[in-house]
Amino acid sequence: MNWHRTALAVALCCPAMPAVAQTTEAALQSQFEAIDRQFETFQRDTPVPGLVYGIVAEGRLVHVRGVGVQDLAEKRPVTADTLFRIASMTKAFTALSILSLRDAGKLSLDDFAEKYVPEMRGWKYPTTDSPHIRIRDLLSHVAGFVTDDPWGDRQTPMPEAEFAKLLRAGVPFSRVPETEHEYSNFGYALLGRIVAKASGMPYRTYVERTILAPLGMGSSGFEVSEWPIARRAIGYRFEDGVWREEPTMRDGAFGPMGGLQVSANDYGKWIAFLLSAWPPRDGPDTGPVKRATVRELAQGLNFVRATPRMGGTAKDGCTQAAAYGKGLRVSQDCQLGLMLHHGGGYPGYGSHMLLLPGAGVGIFVFTNRTYTGAAGTAWDAMFALDKAGALQFAEPPATPELVAAQQTARAIYAAGDVSVAGSALAMNFLMDRSAEGWRGDLAALRAQLGACTGKVEPLFPSGALSVAFRWHCDKGLLDGTVLLAPTRPATIQALRFRPKPAAKP
């Protein structure tokens, strides 16, 4: 692992800067055969009737593979054009629809949901001090509703009139809103109702016009009966030793939480669109929704949990910090950085998607067995790509201010005195540690490491005003960080050194 990847743990605390390097198809190509075998093994040993998986990089679907059959009667093979229900991976489409309506001035995320769903206005909340549910609470599953897998999945075809009747009767709360995350399909059905009210058209029509059609996802939609059965993956469950076909559910009030049907070829366009929002940059914003708006899907609330990785690296890999964003789960990994992911469990189907914005790579998989999404295999494939060195992570550029800051730090170390920095130091610097104290610290470092005139590793910025560095010294390594103050010109508000003496023979 190189210095920049080692420094990732330092940089995770701060916003990433724009960068240009991302993973290319050529870098991934050598690993496709091994990943094919991983998914073939999953399909055979689980088992599932069929699956399709895809890898997205360079803004397109660079690899796709179907395994098994889309139906057990006719034995039609799964292809990149086979249609699967993607279940809760629909939620990201719903969330982005809400955000696009916000962009259009049709709603605010801080609006009370009852403004658009009047049937909620008479609800009895758990306590007298319970806040009324806001749209943003529904997006991040903090509205206080009970986790409703598997009940919610079976509600997909519920007519709107029946949903309105359910809402007027009120619902029991699992907890006070805005106190804890609890996943809710019901909450996303409410968001679909809000999309319809704010846009003035049915939910499915808004998603089709705003997202699916502009992205060229012509085979995707919510009413599965509109496509010939020969194109569809039939959903099955394995029960009492035999395969049983699940009933095909029509579109209805709960479609916004999990009713979308897509092909791998179509879904690859969606993944490429999401990844195109990173990194932040200048230039035309040509997507159906703004890049900055897409990046909001990754903004979670403060209900962060420590969770293990999925797949084979869970046992030995680091624990992740994870939260729910808006239609996507958001994790920070000590090795791969920002990871966006979501599963989909549904009667007859399972799915999973995993994105690495820093590398510009996404993996997704669809199967036609109830609640069998191959999530672990997708994660194993991504970590296998990293282990093989196939992932090329964007390296944030060092600004001229950070380059100058490192030069100042080197001058300070060489002189053994911070006074040589002069006006490059912020007003707080010598208030936080006296010049005399710094002279003593620097003398101790120099006695331990000697001169640091050897190799200087490339800088690792964690923002436009903060940077990690590594120098090679006579008797070891010197790691450090510089933090600049929010002033013009930028001055050094904090300087940290961490010596790494060479091991004694």
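**Pocket and cavity note**

1. The second largest pocket holds about 260 Å³ of space. Its lining comprises 14 residues, and those closest to the centre are T307, A322, A323, R329 and H341. Please keep in mind that this is a predicted model.

2. Which strands supply at least two residues each to this pocket's lining? Strand 7 (305-307), strand 8 (320-324) and strand 9 (329-333) do. Strand 8 gives the largest share, with four residues.

3. On chemistry, the lining of the second largest pocket splits into seven nonpolar, five polar and two charged residues.

4. Now the enclosed space. Three cavities reach 30 Å³ or more. The largest cavity contains about 60 Å³, and the second largest about 40 Å³.

5. What lines the largest cavity? The residues are R85, V224, R232, G235, E246, P247, T248, M249, Q261, Y346, P347 and Y349. By class, six are nonpolar, three polar and three charged.

6. The second largest cavity is lined by S140, V142, H181, L301, N302, F303, A323 and Y324. Five of these residues are nonpolar and three are polar. How many are charged? There are no charged residues in this lining.

7. One residue links two of these sites. A323 is among the residues closest to the centre of the second largest pocket, and A323 also lines the second largest cavity. For any follow-up on the charged side, R85, R232 and E246 appear in the lining of the largest cavity, where three charged residues are counted.

Notes: Residues numbered from 1 in each chain as written. Predicted model: local features only at pLDDT ≥ 70, side-chain atom pairs only at ≥ 80, totals over all residues. Heavy atoms only, no water. 1 Å grid on protein atoms, 1.4 Å probe; cavity = no way out; pocket = protein on both sides within 12 Å on 5 of 7 lines; lining within 4 Å. Points joined across faces, edges and corners; volume = space filled by probe spheres on them. Nonpolar A, V, L, I, M, F, W, Y, C, P; charged D, E, K, R; others polar.
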